[in-house]
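Me: I have this model open and would like a close look at a single part of it. Could you take me through one strand, its neighbours and the sheet they belong to?

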Amino acid sequence: MNRYTAAGLALAAITKQHRIIVISPRTADITAALESFEHVDFIRDQAEIRRADPRVSFHLGGKIIFRSARQSLRGMTADTVYIEEDVLRHTLSTVEQGNLLRDAQLVTTAAGGDIVIGA
């Protein structure tokens, strides 16, 4: 994830007070994504970035939660699920991709949210 994607997700979380789940290919990619958030000035000033339980919580509302492609989304709800491009391209088998997309749809259904696949 680059800092421009991070800034866009942060703006959506802050302005709409949305809960966003970011799906990264591997756990190591979550660390890199968190670093992208740390390099955007307005995020650093308005948020708490937690690495132990990977998330960015904004002081005015809104939250971005990070999961690897192999972690479950069960029991979670979100306004948006953002799936990084490499998750579907390189990380998961066809069956696992279908399961992830089904779970993402279930997570966003209650909020009437969206699934966004990074480019």
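Reply: Happy to. One cut-off first: a residue counts as buried when its relative accessible area is under 20%, and as exposed when that area is over 50%. Please keep in mind that this is a predicted model.

Let's settle on β3. Both of its faces are covered, with R55 and S57 buried on one side and V56 and F58 buried on the other. That arrangement follows a familiar pattern: in a regular strand the side chains alternate between the two faces of the sheet.

Now for the neighbours of β3. On one flank is β2, which pairs with β3 in the antiparallel sense over four bridges. Within this pairing, A47 has F58 of β3 as its bridge partner. The two strands form a hairpin, and four residues lie between them. On the other flank, β3 runs antiparallel to β4, and three bridges join them. Here R55 stands opposite I65 of β4. This pair is a hairpin too, again with four residues between the strands, and G61 in its turn takes a positive phi of about 110°.

Stepping back to the whole sheet, six strands form an open sheet of mixed pairing, in the order β2-β3-β4-β1-β5-β6. The edges are taken by β2 (47-50) and β6 (114-117), each with a single partner strand, so one side of each has no neighbour in the sheet. From one strand to the next, the twist averages 15°. Beyond β4 in that order comes β1, and these two pair in the parallel sense over six bridges. I23, for example, has R67 in β4 as its bridge partner.

What about the cover? One helix to look at is α1, whose buried residues are A6, A7, L9, A10, A13 and I14. Seen down the helix axis, these residues fall within an arc of 165°, so they line one face of α1. The general rule behind such a face is that an α-helix has 3.6 residues a turn, so residues three or four places apart point the same way. Among the elements covering the buried residues of α1 are β3 (55-58), β4 (63-68) and β1 (19-24), along with the helices α2 (27-38) and α3 (41-46). That brings us back to the strand we started from, as β3 is part of this cover. The face of α1 turned away from its buried side carries the exposed residues Y4, T15 and K16.

Two details at the ends of α1 are worth finding on your screen. At its start, a side-chain oxygen of N2 reaches to within 2.9 Å of the backbone nitrogen of Y4. Just after the helix, Q17 takes a positive phi of about 50°.

Definitions and conventions
Residues are numbered from 1 along each chain as its sequence is written. This is a predicted model: local features need pLDDT of at least 70, side-chain atom pairs count only at pLDDT 80 or more; totals for chains, interfaces and linings use all residues. Side-chain values use heavy atoms; hydrogens and water are left out. Buried means under 20% relative accessible area, exposed over 50%, partly exposed in between (1.4 Å probe, protein chains only). The arc is that of the directions from the helix axis to the C-beta atoms. Contact means heavy atoms within 4.5 Å. A polar contact is a pair of N or O atoms within 3.5 Å; within protein, one must be able to donate a hydrogen and the other to accept it, and residues adjacent in sequence count only if both atoms are side-chain atoms. Two strands pair if DSSP finds at least two bridges between them. Axes are lines fitted to C-alpha atoms, for helices over the stretch in contact, and angles run from 0 to 180 degrees between N-to-C directions.
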